Amino acid sequence: MTDAMTAHPPATTKDLRSFGFTFGAVALVFALFLLWRGRPSAPWFLGASLLFFAVGGIAPGLLRPAFGPWMKFAEVLGYVNTRILLGLFFLVGITPTGLLMRGAGKDPMSRTFKRKGDSSYWTKPTPHADGTRHFDRQF
């Protein structure tokens, strides 16, 4: 997709163990929900949960074939979701704010063309109340 999506270093045992425990926890949540709803597929999810917990705890290396494709899927999903979320934020937050400010005649950046007598676009900043002392503690 982009140059930012590059090959990652091989998964460590800690990564694989975390992957197994995470999938085990998710499968357990599904199993409990299905048990609560009285669905017949609940034991399958419970078995998958126990399997992921056991393999993640005892032999996490067995999860390596599933880890790579899952991380690739997560990377693609993150790429798509980022664009969707940022697009929605821009359309729902930034655009209406800009339209309201433009309608009200507000221009916080003072974007106007240079008048005939002005030599530059420079505007003198307003002096700070503390003078230059406000530079002492910036953070």
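The following questions and answers concern a predicted model.

Q: Which residues form the largest nonpolar core?
A: Membership of a nonpolar core requires buried residues joined through side-chain atoms within 4.5 Å. In this predicted model, the largest such core has six residues. They are Ala-11, Leu-16, Phe-19, Val-55, Leu-63 and Phe-67.

Q: Which residues are in contact with Val-55, leaving aside its neighbours within four places in sequence?
A: Val-55 belongs to the largest nonpolar core, as does Leu-63. Once the neighbours within four places in sequence are left aside, Leu-63 is among the contacts of Val-55. The full set is Pro-60, Leu-62 and Leu-63.

Q: Is Phe-19 buried or exposed?
A: Phe-19 is a member of the largest nonpolar core. A residue counts as buried under 20% relative accessible area. Phe-19 has a relative accessibility of 7%, and therefore counts as buried.

Q: How many aromatic pairs does the structure hold, and at what angle are the ring planes of Phe-19 and Phe-23?
A: The number of aromatic pairs in the structure is eight. For Phe-19 and Phe-23, the ring centres are 4.7 Å apart, and the pair is tilted because of the angle between the planes. That angle is 50 degrees.

Q: Which helix holds both Phe-19 and Phe-23?
A: Phe-19 and Phe-23 are four residues apart, about one turn of the helix. Phe-23 has a relative accessible area of 24% and is partly exposed, whereas Phe-19 is buried. Both residues lie in helix α1 (residues 13–37).

Q: Why is the pair of Trp-70 and Phe-73 tilted?
A: Trp-70 and Phe-73 are three residues apart in helix α3 (residues 64–104), a separation of about one helical turn. Their ring centres lie 5.4 Å apart. Planes under 30 degrees apart count as stacked and over 60 as edge-to-face, the rest being tilted. The pair is tilted because the planes stand at 45 degrees.

Q: Which residues do ring pairs link into a cluster?
A: Trp-70 is partly exposed at 36% relative accessibility, and Phe-73 is partly exposed at 44%. Both belong to the cluster, together with Phe-19 of the largest nonpolar core. The cluster consists of Phe-19, Phe-23, Phe-52, Phe-67, Trp-70 and Phe-73.

Q: Over which rings do Arg-37 and Arg-83 lie?
A: The charged end of Arg-37 is 5.7 Å from the centre of the ring that it sits over. For Arg-83, the distance to the ring centre is 3.8 Å. The ring beneath Arg-37 is that of Trp-36, and the ring beneath Arg-83 is that of Tyr-79.

Q: Which residue forms a salt bridge with Asp-107?
A: The structure holds one salt bridge. Its closest N and O atoms are 3.1 Å apart. Asp-107 is partly exposed at 29% relative accessibility, while its partner counts as exposed at 58%. That partner is Arg-111.

Q: What is the distance in space between Pro-43 and Ala-31, C-alpha to C-alpha?
A: Pro-43 lies in helix α2 (residues 42–58) and counts as exposed at 53% relative accessibility. In sequence, Pro-43 and Ala-31 are twelve residues apart. In space, their C-alpha atoms are separated by 6.8 Å.

Q: Which residues does Ser-49 touch, not counting residues up to four places away in sequence?
A: Ser-49 is found in helix α2. At 1% relative accessibility, Ser-49 counts as buried. The residues touched by Ser-49, with those up to four places away in sequence not counted, are Gly-24, Ala-27 and Leu-28.

Terms used. Residues numbered from 1 in each chain as written. Predicted model: local features only at pLDDT ≥ 70, side-chain atom pairs only at ≥ 80, totals over all residues. Heavy atoms only, no water. Buried < 20%, exposed > 50% of the residue type's maximum accessible area, 1.4 Å probe, protein only. Contact = heavy atoms within 4.5 Å. Phe/Tyr/Trp six-rings, centres within 6.5 Å; stacked < 30°, edge-to-face > 60°. Helix = DSSP H or I, 4+ residues; strand = E, 2+ residues; numbered from the N terminus. Lys NZ or Arg CZ within 6 Å of the ring centre and 35° of its normal. Salt bridge = Lys/Arg side-chain N within 4 Å of Asp/Glu carboxyl O.
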